[in-house]
Amino acid sequence: MTLHEMAKELGVSQSTVSRALSGKGRIGEVTRQRILTYVREHEGERIPETESREETRNLGVSFPDDIFVSGNQYFFECLLGIYEAAALLDYNVLITTGTGQNISGIRKFVEQRKVDGIILTRSLEDDRALRYLTEQNFPTGLTGLCDFDNVIQVDTDNEGAAEMLTTLLIGKGYRRFALLLDDMSHHVNRSRYDGFYKAIMKNGLQKDHQEIYMGKFRKELLNSIIDNIMSKKVECVICGDDILTVGLISQFLAEGYRIPRDIAIASLYNSSTLNSFVPTVTAVDVSARMVGNMIGKQMIQFLQKKEYQKKTMIDYEILIRTSTSR
(Lines give C-alpha, C1' and ligand atoms only; values in the text may rest on other atoms or scores of the structure.)
Protein backbone atom coordinates (compact mmCIF):
# COMPACT_ATOMS: atom_id res chain seq x y z
CA MET A 1 0.00 0.00 0.00
CA THR A 2 1.39 3.40 -0.99
CA LEU A 3 1.39 6.64 1.00
CA HIS A 4 -1.22 7.98 -1.41
CA GLU A 5 -3.50 4.99 -0.86
CA MET A 6 -3.15 5.20 2.91
CA ALA A 7 -3.86 8.92 2.91
CA LYS A 8 -6.98 8.38 0.81
CA GLU A 9 -8.26 5.63 3.13
CA LEU A 10 -7.63 7.72 6.24
CA GLY A 11 -8.90 11.02 4.78
CA VAL A 12 -5.66 12.88 5.46
CA SER A 13 -2.83 14.28 3.33
CA GLN A 14 0.20 12.25 2.25
CA SER A 15 2.45 14.57 4.22
CA THR A 16 0.46 13.82 7.39
CA VAL A 17 0.89 10.06 6.87
CA SER A 18 4.59 10.58 6.20
CA ARG A 19 5.08 12.60 9.40
CA ALA A 20 3.23 9.99 11.48
CA LEU A 21 5.29 7.09 10.13
CA SER A 22 8.64 8.85 10.21
CA GLY A 23 8.16 10.36 13.65
CA LYS A 24 9.42 13.67 12.25
CA GLY A 25 7.51 16.91 11.94
CA ARG A 26 4.56 18.27 13.87
CA ILE A 27 1.36 16.24 13.92
CA GLY A 28 -1.48 15.96 16.41
CA GLU A 29 -1.23 12.99 18.76
CA VAL A 30 -4.78 11.83 17.98
CA THR A 31 -4.04 11.85 14.25
CA ARG A 32 -0.67 10.13 14.75
CA GLN A 33 -2.22 7.31 16.80
CA ARG A 34 -5.04 6.84 14.27
CA ILE A 35 -2.51 6.41 11.46
CA LEU A 36 -0.27 4.06 13.48
CA THR A 37 -3.29 1.97 14.49
CA TYR A 38 -4.27 1.69 10.84
CA VAL A 39 -0.73 0.51 10.00
CA ARG A 40 -0.77 -2.09 12.80
CA GLU A 41 -4.13 -3.41 11.60
CA HIS A 42 -2.63 -3.82 8.13
CA GLU A 43 0.76 -5.09 9.28
CA GLY A 44 0.55 -7.97 6.84
CA GLU A 45 0.89 -5.42 4.06
CA ARG A 46 4.09 -3.65 3.10
CA ILE A 47 4.49 -0.42 5.03
CA PRO A 48 5.46 2.36 2.62
CA GLU A 49 8.86 4.00 2.71
CA THR A 50 8.75 7.42 4.29
CA GLU A 51 10.88 10.44 3.67
CA SER A 52 11.82 13.06 6.18
CA ARG A 53 10.46 16.45 5.29
CA GLU A 54 13.09 18.51 3.51
CA GLU A 55 13.71 22.05 4.65
CA THR A 56 12.69 24.61 2.02
CA ARG A 57 13.89 27.75 3.83
CA ASN A 58 10.67 29.34 2.59
CA LEU A 59 8.29 31.19 4.89
CA GLY A 60 4.68 31.46 3.73
CA VAL A 61 2.67 34.62 4.40
CA SER A 62 -1.11 34.72 3.94
CA PHE A 63 -2.85 38.05 3.38
CA PRO A 64 -6.60 38.76 3.24
CA ASP A 65 -7.50 39.38 -0.42
CA ASP A 66 -9.44 42.57 0.35
CA ILE A 67 -6.23 44.52 1.07
CA PHE A 68 -5.73 45.08 -2.65
CA VAL A 69 -9.05 46.93 -2.78
CA SER A 70 -8.75 48.85 0.49
CA GLY A 71 -5.02 49.61 0.13
CA ASN A 72 -4.59 48.95 3.85
CA GLN A 73 -1.06 50.12 4.67
CA TYR A 74 -0.80 47.94 7.78
CA PHE A 75 -0.40 44.73 5.77
CA PHE A 76 2.21 46.14 3.38
CA GLU A 77 4.26 47.52 6.28
CA CYS A 78 3.90 44.17 8.05
CA LEU A 79 5.13 42.34 4.94
CA LEU A 80 8.17 44.61 4.77
CA GLY A 81 9.02 43.71 8.38
CA ILE A 82 8.61 39.97 7.70
CA TYR A 83 10.79 40.22 4.60
CA GLU A 84 13.54 42.06 6.50
CA ALA A 85 13.66 39.36 9.17
CA ALA A 86 13.59 36.56 6.59
CA ALA A 87 16.34 38.08 4.43
CA LEU A 88 18.58 38.60 7.45
CA LEU A 89 18.20 34.92 8.42
CA ASP A 90 18.53 33.60 4.85
CA TYR A 91 14.86 32.67 4.29
CA ASN A 92 12.60 33.41 1.33
CA VAL A 93 9.04 34.73 1.60
CA LEU A 94 6.19 33.25 -0.46
CA ILE A 95 2.85 35.07 -0.47
CA THR A 96 -0.70 33.81 -0.85
CA THR A 97 -4.08 35.46 -0.33
CA GLY A 98 -7.44 34.19 0.81
CA THR A 99 -10.59 34.85 2.78
CA GLY A 100 -12.09 33.49 5.97
CA GLN A 101 -13.58 30.63 3.94
CA ASN A 102 -11.13 30.24 1.06
CA ILE A 103 -7.86 28.77 2.30
CA SER A 104 -6.85 26.98 -0.91
CA GLY A 105 -3.57 28.90 -1.10
CA ILE A 106 -2.62 27.85 2.42
CA ARG A 107 -3.54 24.24 1.72
CA LYS A 108 -1.34 24.26 -1.37
CA PHE A 109 1.62 25.61 0.62
CA VAL A 110 1.22 22.84 3.21
CA GLU A 111 0.33 19.85 1.03
CA GLN A 112 2.90 20.60 -1.67
CA ARG A 113 5.57 21.27 0.97
CA LYS A 114 6.38 24.68 -0.45
CA VAL A 115 7.12 26.32 2.92
CA ASP A 116 8.46 25.40 6.35
CA GLY A 117 5.96 27.60 8.21
CA ILE A 118 3.09 30.01 7.56
CA ILE A 119 2.30 33.45 8.98
CA LEU A 120 -1.32 34.63 9.00
CA THR A 121 -1.73 38.41 9.05
CA ARG A 122 -5.33 38.70 10.20
CA SER A 123 -6.97 37.07 13.23
CA LEU A 124 -10.62 36.08 12.80
CA GLU A 125 -13.12 35.04 15.45
CA ASP A 126 -13.90 31.76 13.68
CA ASP A 127 -10.67 31.16 11.79
CA ARG A 128 -10.77 28.29 9.31
CA ALA A 129 -7.11 28.75 8.37
CA LEU A 130 -5.96 28.52 11.98
CA ARG A 131 -8.06 25.40 12.57
CA TYR A 132 -6.63 23.72 9.49
CA LEU A 133 -3.00 24.59 10.32
CA THR A 134 -3.28 23.49 13.95
CA GLU A 135 -4.98 20.23 12.94
CA GLN A 136 -2.03 19.63 10.62
CA ASN A 137 0.35 20.67 13.40
CA PHE A 138 2.02 22.91 10.84
CA PRO A 139 4.33 25.66 12.17
CA THR A 140 2.11 28.74 12.33
CA GLY A 141 2.54 32.38 13.26
CA LEU A 142 -0.09 35.10 13.60
CA THR A 143 -0.01 38.89 13.67
CA GLY A 144 -2.81 39.04 16.18
CA LEU A 145 -4.06 36.99 19.11
CA CYS A 146 -5.84 33.65 19.26
CA ASP A 147 -6.63 30.82 21.69
CA PHE A 148 -4.44 28.19 20.01
CA ASP A 149 -1.49 27.37 22.26
CA ASN A 150 0.76 26.12 19.46
CA VAL A 151 0.53 29.32 17.36
CA ILE A 152 3.28 31.95 17.67
CA GLN A 153 1.59 35.33 18.17
CA VAL A 154 2.73 38.94 17.84
CA ASP A 155 0.33 41.82 18.40
CA THR A 156 -0.23 45.08 20.22
CA ASP A 157 -2.69 45.54 23.09
CA ASN A 158 -5.55 46.84 20.95
CA GLU A 159 -8.04 46.66 23.80
CA GLY A 160 -5.75 48.59 26.12
CA ALA A 161 -4.97 51.14 23.41
CA ALA A 162 -8.66 51.77 22.71
CA GLU A 163 -9.32 52.15 26.42
CA MET A 164 -6.43 54.57 26.90
CA LEU A 165 -7.29 56.72 23.88
CA THR A 166 -10.94 56.96 24.95
CA THR A 167 -9.91 57.77 28.52
CA LEU A 168 -7.62 60.58 27.32
CA LEU A 169 -10.42 62.03 25.20
CA ILE A 170 -12.79 61.88 28.17
CA GLY A 171 -10.11 63.74 30.13
CA LYS A 172 -10.23 66.48 27.48
CA GLY A 173 -13.93 66.95 28.25
CA TYR A 174 -15.66 64.81 25.60
CA ARG A 175 -18.73 62.96 26.82
CA ARG A 176 -20.69 61.82 23.76
CA PHE A 177 -18.83 59.54 21.36
CA ALA A 178 -19.44 57.63 18.16
CA LEU A 179 -17.38 54.49 17.48
CA LEU A 180 -16.99 53.23 13.89
CA LEU A 181 -15.73 49.68 13.31
CA ASP A 182 -15.99 47.65 10.12
CA ASP A 183 -15.95 43.82 10.15
CA MET A 184 -16.62 42.52 13.68
CA SER A 185 -15.41 39.04 12.77
CA HIS A 186 -11.90 40.54 12.94
CA HIS A 187 -10.45 39.93 16.40
CA VAL A 188 -8.83 43.39 16.44
CA ASN A 189 -12.20 45.14 16.10
CA ARG A 190 -13.73 43.17 18.96
CA SER A 191 -10.76 44.13 21.12
CA ARG A 192 -11.15 47.81 20.23
CA TYR A 193 -14.88 47.65 20.96
CA ASP A 194 -14.22 46.14 24.40
CA GLY A 195 -11.54 48.71 25.19
CA PHE A 196 -13.79 51.62 24.23
CA TYR A 197 -16.59 50.46 26.52
CA LYS A 198 -14.21 49.76 29.38
CA ALA A 199 -13.20 53.43 29.30
CA ILE A 200 -16.83 54.55 29.08
CA MET A 201 -17.88 52.48 32.09
CA LYS A 202 -14.78 53.23 34.21
CA ASN A 203 -15.30 56.96 33.74
CA GLY A 204 -18.96 56.86 34.68
CA LEU A 205 -20.39 57.82 31.27
CA GLN A 206 -23.74 56.50 30.13
CA LYS A 207 -23.36 53.62 27.70
CA ASP A 208 -26.63 54.35 25.88
CA HIS A 209 -25.45 57.91 25.10
CA GLN A 210 -22.69 56.54 22.84
CA GLU A 211 -23.31 55.74 19.16
CA ILE A 212 -21.90 52.55 17.59
CA TYR A 213 -21.67 51.95 13.84
CA MET A 214 -20.47 48.63 12.42
CA GLY A 215 -20.16 47.28 8.90
CA LYS A 216 -18.80 48.18 5.49
CA PHE A 217 -18.91 51.95 5.11
CA ARG A 218 -19.54 53.00 1.51
CA LYS A 219 -19.48 56.71 0.67
CA GLU A 220 -23.26 56.99 0.45
CA LEU A 221 -23.58 55.33 3.86
CA LEU A 222 -21.12 57.79 5.40
CA ASN A 223 -23.47 60.64 4.47
CA SER A 224 -26.32 59.19 6.53
CA ILE A 225 -23.93 58.33 9.40
CA ILE A 226 -22.68 61.92 9.49
CA ASP A 227 -26.28 63.21 9.57
CA ASN A 228 -27.05 60.84 12.43
CA ILE A 229 -23.87 61.74 14.33
CA MET A 230 -24.61 65.46 14.18
CA SER A 231 -28.30 65.02 15.06
CA LYS A 232 -27.33 63.00 18.15
CA LYS A 233 -24.95 65.79 19.22
CA VAL A 234 -21.91 63.52 19.18
CA GLU A 235 -18.79 65.43 20.21
CA CYS A 236 -16.04 63.03 19.15
CA VAL A 237 -15.85 60.19 16.62
CA ILE A 238 -13.39 57.32 17.12
CA CYS A 239 -12.66 55.30 13.97
CA GLY A 240 -11.34 51.74 13.97
CA ASP A 241 -8.56 52.40 11.47
CA ASP A 242 -6.89 54.97 9.23
CA ILE A 243 -8.94 54.11 6.13
CA LEU A 244 -12.23 54.80 7.92
CA THR A 245 -10.76 57.95 9.41
CA VAL A 246 -9.67 59.41 6.07
CA GLY A 247 -13.03 58.62 4.47
CA LEU A 248 -14.99 60.17 7.32
CA ILE A 249 -12.89 63.32 7.62
CA SER A 250 -13.04 63.87 3.85
CA GLN A 251 -16.83 63.58 3.94
CA PHE A 252 -17.17 65.89 6.94
CA LEU A 253 -15.03 68.52 5.21
CA ALA A 254 -16.95 68.10 1.94
CA GLU A 255 -20.18 68.85 3.80
CA GLY A 256 -18.72 72.02 5.29
CA TYR A 257 -18.02 70.85 8.85
CA ARG A 258 -14.92 72.11 10.66
CA ILE A 259 -12.62 69.74 12.51
CA PRO A 260 -12.27 69.88 15.48
CA ARG A 261 -14.55 72.91 16.00
CA ASP A 262 -17.75 71.17 14.91
CA ILE A 263 -16.69 67.56 15.53
CA ALA A 264 -13.53 65.89 16.86
CA ILE A 265 -12.12 62.75 15.21
CA ALA A 266 -9.55 60.16 16.33
CA SER A 267 -8.24 56.89 14.88
CA LEU A 268 -7.40 53.62 16.61
CA TYR A 269 -4.63 53.03 14.06
CA ASN A 270 -2.14 55.55 12.72
CA SER A 271 -0.52 55.47 9.28
CA SER A 272 1.72 57.59 7.04
CA THR A 273 -1.46 59.00 5.46
CA LEU A 274 -2.70 60.31 8.81
CA ASN A 275 0.77 61.69 9.60
CA SER A 276 0.45 64.11 6.69
CA PHE A 277 -3.31 64.73 6.85
CA VAL A 278 -4.73 68.18 7.58
CA PRO A 279 -5.94 68.57 10.26
CA THR A 280 -3.39 66.30 11.95
CA VAL A 281 -5.21 63.31 13.43
CA THR A 282 -5.13 61.97 16.99
CA ALA A 283 -4.32 58.26 16.71
CA VAL A 284 -2.93 55.09 18.25
CA ASP A 285 0.54 54.60 16.78
CA VAL A 286 2.02 51.11 16.50
CA SER A 287 4.73 49.97 14.09
CA ALA A 288 3.27 47.36 11.72
CA ARG A 289 6.78 46.94 10.34
CA MET A 290 8.00 46.00 13.83
CA VAL A 291 5.10 43.55 14.22
CA GLY A 292 6.08 41.89 10.94
CA ASN A 293 9.77 41.84 11.81
CA MET A 294 9.08 40.25 15.18
CA ILE A 295 6.74 37.52 13.89
CA GLY A 296 9.19 36.70 11.11
CA LYS A 297 12.09 36.45 13.55
CA GLN A 298 10.20 34.33 16.11
CA MET A 299 8.91 31.94 13.43
CA ILE A 300 12.38 31.37 11.98
CA GLN A 301 13.87 30.95 15.46
CA PHE A 302 11.26 28.26 16.10
CA LEU A 303 11.89 26.53 12.77
CA GLN A 304 15.62 26.48 13.51
CA LYS A 305 14.90 24.99 16.95
CA LYS A 306 16.35 28.02 18.68
CA GLU A 307 14.93 29.95 21.62
CA TYR A 308 11.81 31.90 20.64
CA GLN A 309 8.88 33.77 22.23
CA LYS A 310 5.45 32.21 21.85
CA LYS A 311 3.63 35.51 22.42
CA THR A 312 5.03 39.03 22.00
CA MET A 313 3.23 42.32 22.58
CA ILE A 314 4.51 45.40 20.71
CA ASP A 315 4.28 48.77 22.47
CA TYR A 316 1.95 51.51 21.21
CA GLU A 317 1.84 55.28 21.62
CA ILE A 318 -1.13 57.66 21.76
CA LEU A 319 -0.57 60.69 19.51
CA ILE A 320 -2.74 63.62 20.60
CA ARG A 321 -3.10 66.00 17.66
CA THR A 322 -5.18 68.84 16.22
CA SER A 323 -8.25 66.77 15.28
CA THR A 324 -9.28 66.47 18.97
CA SER A 325 -8.24 69.92 20.22
CA ARG A 326 -10.78 71.81 22.31
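**Exercise 1. Which residues of helix α3 are buried?** Identify them, and then establish how they are arranged around the helix axis.

*Solution.* The structure is a predicted model.

Step 1. The extent of the helix is checked first. Helix α3 covers residues 29-41, and at 1.5 Å a residue its 13 residues should span 18 Å. The C-alpha atoms at its ends are 18 Å apart, in agreement with that expectation.

Step 2. The buried residues of α3 are R32, I35, Y38 and V39.

Step 3. Viewed down the axis of α3, these buried residues fall within an arc of 130 degrees, so they line one face of the helix.

Step 4. On the other side of α3, V30 and E41 are exposed.

Step 5. A general rule helps in reading such a pattern. An α-helix has 3.6 residues a turn, so residues three or four places apart point the same way.

**Exercise 2. Determine which strands the buried residues of helix α13 pack against, and describe the surroundings of Q301.**

*Solution.* Step 1. Helix α13 comprises 16 residues, 288-303, which should span 22 Å at 1.5 Å a residue. Its end C-alpha atoms are 23 Å apart, which agrees.

Step 2. The buried residues of α13 include A288, V291, I295, M299 and L303.

Step 3. The buried residues of α13 pack against the strands β1 (58-64), β3 (117-120), β4 (140-143), β5 (151-156) and β11 (311-314), and also against helix α5 (73-88).

Step 4. Q301 belongs to helix α13. Since buried means under 20% relative accessible area, Q301, at 17%, counts as buried.

Step 5. With its neighbours within four places in sequence left aside, Q301 is in contact with K306, E307 and Y308.

Step 6. After α13 comes K305, whose phi is positive, near 60 degrees.

**Exercise 3. State the strand order of the sheet with parallel pairing, and find its edges.**

*Solution.* Step 1. Six strands form this open sheet, in the order β2-β1-β3-β4-β5-β11, and the pairing is parallel.

Step 2. At the edges stand β2 (92-98) and β11; each has a single partner strand, so one side of each is left without a neighbour in the sheet.

Step 3. Neighbouring strands of this sheet are turned against each other by 20 degrees on average, direction ignored.

Step 4. One pair serves as an example: β3 and β4 are joined in the parallel sense over three bridges. The bridge partner of I118 in β4 is T140.

**Exercise 4. Describe the sheet with mixed pairing and the helices that pack on it.**

*Solution.* Step 1. This open sheet has six strands in the order β7-β6-β8-β9-β10-β12, with mixed pairing.

Step 2. Its edge strands, β7 (211-214) and β12 (317-319), each pair on one side only.

Step 3. On average, neighbouring strands of this sheet are turned by 15 degrees against each other, direction ignored.

Step 4. Within the sheet, β8 (residues 236-239) and β9 (residues 264-267) run parallel and are joined by four bridges. C236 has A264 as its bridge partner in β9.

Step 5. Helix α10 (residues 219-231) lies across β6 (177-181), β7 and β8, and runs at about 170 degrees to β7. Helix α11 (residues 242-254) also packs on the sheet, where it touches β6, β8 and β9, and its direction makes about 160 degrees with that of β9.

**Exercise 5. How many salt bridges does a search of the whole structure find?** Examine examples among them.

*Solution.* Step 1. The search finds nine salt bridges.

Step 2. R107 forms a salt bridge with E111, the closest N and O atoms being 3.6 Å apart. Both residues lie in helix α6 (residues 104-111), four residues apart, about one turn of the helix. R107 is partly exposed, with a relative accessible area of 31%, and E111 is partly exposed at 41%.

Step 3. E163 forms a salt bridge with K202, with 2.7 Å between the closest N and O atoms. This pair links distant parts of the chain: E163 lies in helix α8 (residues 158-171) and K202 in helix α9 (residues 187-202), 39 residues apart. At 15% relative accessibility E163 counts as buried, whereas K202, at 62%, counts as exposed.

Step 4. Salt bridges with shared partners join E55, R57 and D90 into one network. Within it, the side chains of E55 and R57 meet at 3.5 Å, N to O. R57 is partly exposed, with a relative accessible area of 24%.

Note on methods. Residues are numbered from 1 along each chain as its sequence is written. This is a predicted model: local features need pLDDT of at least 70, side-chain atom pairs count only at pLDDT 80 or more; totals for chains, interfaces and linings use all residues. Side-chain values use heavy atoms; hydrogens and water are left out. Helices (H or I, at least four residues) and strands (E, at least two) are DSSP runs, numbered from the N terminus. The expected span of a helix is 1.5 Å times one less than its number of residues. Buried means under 20% relative accessible area, exposed over 50%, partly exposed in between (1.4 Å probe, protein chains only). Contact means heavy atoms within 4.5 Å. The arc is that of the directions from the helix axis to the C-beta atoms. Two strands pair if DSSP finds at least two bridges between them. Axes are lines fitted to C-alpha atoms, for helices over the stretch in contact, and angles run from 0 to 180 degrees between N-to-C directions. A salt bridge is a side-chain nitrogen of Lys or Arg within 4 Å of a carboxyl oxygen of Asp or Glu.
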